[in-house]
Amino acid sequence: MTRGQAARAGAWRCAPVAAGAVPFGMAFGLAATDGGVSVLGALGMSVVMFAGAAQLATLELTRSGTPVVLVVAVALLINLRFAMYGAAISPYLRGPGRLARAGLSYLLTDQAFAVSVSAYEDEGPRSQAVWFYVGAAALLWVAWQVGTVLGASLGAFELSTELAPALVFVALGVAALKDRVDALVAVAGLATFFALAWLPYGLALLPAAVVGLAAGRIADRMRLASVAS
Amino acid sequence: MSALVVVVIGVLTFAIRGAFILRRGGGGDGRPHPWLVRVPAAILPLLAASALSSSVASPEDAPKLIAAATAAAVAWYRRNLLLSLAAGLTTLWILEALL
C-alpha cells in the first residue's frame, strides 16, 4: 500500500466521525460568538487548542470570570486523556523523525485515536500505519475548523443537531466495548462519573477513567491468574 | 478572553499529546501497555455520558435519551458511526415533531 492509499484509507474510515465533528465544531463556534469571541478568535482557538471539550470549558469558565490559572488547569485536566491516547498509539507511530512526530502529536484527538487504533486492532499490523493516521487525523482537523467557522459565522442559524456530538460519543463508546472486561471498565467508570457529577466542567472525567482502568486492570490480572492455574 | 490563555493551553496540550509520541526512539515497545489497552473503554463511554448529561436537563429532554439509546443500539449491532448518528438524529427529529 502506498502512502497516498493509506492516507485515503484513514480518511475514508474517519469520514463518518469527521462528519460528526462538523456539528460539534459548529456548536463550539456558536457558543464562542455568543460569548463575544470574533469568528477569527473562534478559529484561532480551534487551530491552537484543537480540543473541543477543553475549548468549550475554556469559554464557559472565562465567561463566568474564573481565575486564569484555574481555567488553564481545568483545560489541561480535560486534555490529560491525550497522554493516555499518545502512549497507546505511539508504538504505531515510531517511523518518522521528531519534527514529523510533533505534527502527529498536534493532530491527536479522541476521534483520530479511536478510528486509528480500532483499525490497527481489527486489521492487524499494517504497513503505512502512520499515513493511515495522518489521513484520519487531518480530515478530522479540517472538519473541526470548517465546523468552527460555520458555527461562528452563522450565529443566527437554528440547528437541532446539537445532540450530534453526544451521539457520536455514544456510538464510539459502544464500539469500544470489545469484551466483558471492557464492559466492566465502562460500568465502573460511568458509576464513578455519575457519583462525581457534582464536579463542574468535566472534572469528573479523569477520576472516573482512572477507576474504570483500575477495575479493568484487576479483572485482567484475575483472568490471567485463572488461566495460569 | 485573552489570546495568551489560549496559547498557553494550546502549547501545554501539545506537550501532553506528544508526551509519548515524541519520546526518543518513538515511545513504547510495540505493544500498548496493559493499562492502556482499556483506555478506549474507559474514556469513550464517559465522554458520551458527559456530552449527554450536559444536553439532557429536564423531562422534556426525554427524546434525546431515546435518540441516544437508538444510536447505541445501532452501534451495537452495526459498527457504523454514520448509520448510528443518522439513526439517533432521525429518532430525535421524529419524536420532536410528534411531541
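## Exercises on the interface of chains A and B

The rule finds three salt bridges across the interface of chain A and chain B. The model is a predicted one.

**Exercise 1.** State how many residues of chain A are in contact with chain B, and how much area the two chains bury between them.

*Solution.* Begin with the contacts: 79 residues of chain A touch 63 residues of chain B. Then take the area: the two chains bury about 6300 Å² between them, with 77% of it on carbon and sulfur atoms.

**Exercise 2.** Find which acidic residues of chain A form a salt bridge with B:Arg38.

*Solution.* A salt bridge needs a side-chain nitrogen of Lys or Arg within 4 Å of a carboxyl oxygen of Asp or Glu. A:Asp182 pairs with B:Arg38, and their closest N and O atoms are 2.8 Å apart. A:Asp179 also pairs with B:Arg38, here with the closest N and O atoms 3.0 Å apart. This second pair runs from the loop between α9 and α10 of chain A to the loop between α2 and α3 of chain B.

**Exercise 3.** Describe how helix α4 of chain A lies against helix α1 of chain B.

*Solution.* The axes of α4(A), residues 68-79, and α1(B), residues 3-21, come within 10 Å and cross at roughly 30°. Angles under 35 degrees count as roughly parallel, so α4(A) is roughly parallel to α1(B). The crossing is right-handed. Among the residues that meet are A:Val68, A:Leu76 and A:Asn79 on α4(A), and B:Val5, B:Leu12 and B:Thr13 on α1(B). Sorted by class, this contact has 10 nonpolar, two polar and no charged residues.

Conventions. Residues are numbered from 1 along each chain as its sequence is written. Chains are lettered from A and ligands numbered from 1 in the order in which they are written. This is a predicted model: local features need pLDDT of at least 70, side-chain atom pairs count only at pLDDT 80 or more; totals for chains, interfaces and linings use all residues. Side-chain values use heavy atoms; hydrogens and water are left out. Axes are lines fitted to C-alpha atoms, for helices over the stretch in contact, and angles run from 0 to 180 degrees between N-to-C directions. Helices (H or I, at least four residues) and strands (E, at least two) are DSSP runs, numbered from the N terminus. Angles under 35 degrees count as roughly parallel, over 145 as roughly antiparallel, 65 to 115 as roughly perpendicular and the rest as oblique. A crossing is left-handed if the near helix is turned anticlockwise from the far one by less than a right angle, and right-handed if clockwise. Contact means heavy atoms within 4.5 Å. Ala, Val, Leu, Ile, Met, Phe, Trp, Tyr, Cys and Pro count as nonpolar, Asp, Glu, Lys and Arg as charged, and the others, Gly among them, as polar. Buried area is the accessible area (1.4 Å probe) that two parts lose on being put together, summed over both.
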